[in-house]
Amino acid sequence: MTVFERALARDQRIEPRDTMPDAYRATMIRQIAQHAHSEIIGMQPEGEWITRAPSLRRKAILLAKVQDEAGHGLYLYSAAETLGADRGDLTRRLIEGRQKYSSIFNYPTLTFADVGVIGWLVDGAAICNQVPLCRSSYGPYARAMIRICKEESFHQRQGYELLTTMMGGTAQQRAMVQDAVDRWWWPSLMMFGPPDGASPNTAQSMAWKIKRHTNDELRQRFVDMTVPQASALGVTLPDPELRWNEARGQHDFGAPDWDELKRVISGDGPLNHQRLARRRQADADGAWVREAAAAHAARSSSGGTT
Ligand code: 3HC
């Protein structure tokens with residue numbers, strides 16, 4: 001048994017200076033980078049509503065949430081750097097379409113109810129997926145995830161609170177919430193990834209204790225957690241096959257449209273082009289800041305003054 005295998009068997013964390021197989025390092029960089037990209041692209045759908053939030057309170061909450069997502073992206077890029085990845089290179093891979101980000105952020109936010117439903121369902125799905133990652137085998141990733149999950153919990157609650165308020169409002173507001181639930185339910189289930197039989201990475205990532213549960217296990221957990229919340233809120237989940245299965249002690253539910261997931265992942269979702277174009281523009285707009293910071297750092301290290 002290698003030192004790496006012994007550490008995994010004892011459930012110890014793998015740390016940056018530990019010896020690790022090249023494939024483990026590559027898988028960690030892949031997952032952490034995709035996760036970081038998702039947080040950064042994920043600022044866009046809700047960010048579009050900051051200037052149109054219906055009150056100062058809602059604007060302040062939304063601003064804080066979107067800033068949190070930026071922070072999550074930064075912790076995650078830092079975690080990827082501990083594995084030898086270069087942040088600028090990861091960003092280039094994203095904007096050139098060579099690395100993925102979560103499918104969920106390629107759907108449009110049509111009304112303010114979408115802000116609430118993203119908080120409730122999308123952040124709810126993120127929590128289901130990410131709480132087990134706090135026990136992921138790579139130390140810097142697991143530790144970043146603890147703080148991220150705490151903030152995601154706040155995000156989920158703000159979404160649910162917004163929806164509770166809207167459901168107590170006018171018939172038109174209730175209809176907006178139901179419409180948003182209808183549009184976001186299936187994409188939220190797709191966030192967990194392809195079904196286990198079609199997931200190429202799960203078996204190895206479970207063996208390395210990067211993932212602690214399969215995609216289908218976490219999807220099931222999310223459905224079981226969400227159904228009672230939907231009923232307390234007074235909305236219907238758009239799945240005619242959704243019902244409690246007494247024998248399994250879990251809900252049965254219909255299959256998402258896996259072809260749609262494949263299309264969105266491969267760049268052909270409703271807003272993939274717009275999301276990446278916006279990210280490319282932000283990267284170009286920030287070039288002078290990076291150049292100035294690099295020049296300042298070079299000058300400081302050569303003993304110059306500002
Ligand atoms: N969107 C985009 N790509 C997806 C995807 C999705 N919903 N689901 C799977 N994929 C990709 C995988 O990344 C993998 O791509 P690659 O092999 O070419 O790199 C491929 O499809 C096959 O899927 P697998 O199930 O085999 O891949 P994984 O074992 O990596 O599992 C995962 C996918 C469950 C998303 C896992 O990577 C994971 O848990 N990642 C960490 C969490 C994460 O990235 N969440 C994204 C949402 S961000 C977020 O929640 C922000 C919050 O503010 C809302």
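Let me begin with a group of four residues, Glu46, Lys65, Glu69 and Asp123, which are joined to one another in a network of salt bridges. I should say straight away that what we are looking at is a predicted model, and that a search across the whole structure finds 19 salt bridges, so I will pick out just a few.

Staying with that network, one of its contacts is the salt bridge in which the side chains of Glu46 and Lys65 meet, at 2.7 Å from N to O. This pair links distant parts of the chain, since Glu46 sits in helix H3, residues 43-47, while Lys65 sits in helix H4, residues 56-81, and the two are 19 residues apart. Are these two residues buried or exposed? Both Glu46 and Lys65 are buried.

Let me set beside that two further salt bridges, taking the surroundings of each partner in turn. The side chains of Arg87 and Glu81 meet at 3.2 Å, again from N to O; Arg87 is partly exposed, with a relative accessible area of 27%, and Glu81 is partly exposed as well, with a value of 35%. Further along the chain, Asp252 forms a salt bridge with Arg248, and their closest N and O atoms are 2.8 Å apart. Here Asp252 has a relative accessible area of 26%, which makes it partly exposed, and Arg248, at 40%, is partly exposed too.

Now to the cysteines. How many disulfides does the structure hold? The count is zero. Cys134 is in no disulfide, and the nearest cysteine sulfur to it, that of Cys149, is 4.0 Å away. Why is there no bond between Cys149 and Cys134? The sulfur of Cys149 is 4.0 Å from the one in Cys134, its closest cysteine sulfur, and that is too far for a bond, because a disulfide is counted when the two sulfur atoms lie within 2.5 Å. As for their surroundings, Cys134 counts as buried because its relative accessibility is 18%, and Cys149 counts as buried because its value is 7%.

I will finish with Asp259, which lies in helix H11, residues 258-265. With a relative accessibility of 47%, Asp259 counts as partly exposed, the cut-off for exposed being over 50%. If we compare its position with that of Gln229, the two are 30 residues apart in sequence, and in space their C-alpha atoms are 28 Å apart.

Note on methods:
Residues numbered from 1 in each chain as written. Predicted model: local features only at pLDDT ≥ 70, side-chain atom pairs only at ≥ 80, totals over all residues. Heavy atoms only, no water. Helix = DSSP H or I, 4+ residues; strand = E, 2+ residues; numbered from the N terminus. Buried < 20%, exposed > 50% of the residue type's maximum accessible area, 1.4 Å probe, protein only.
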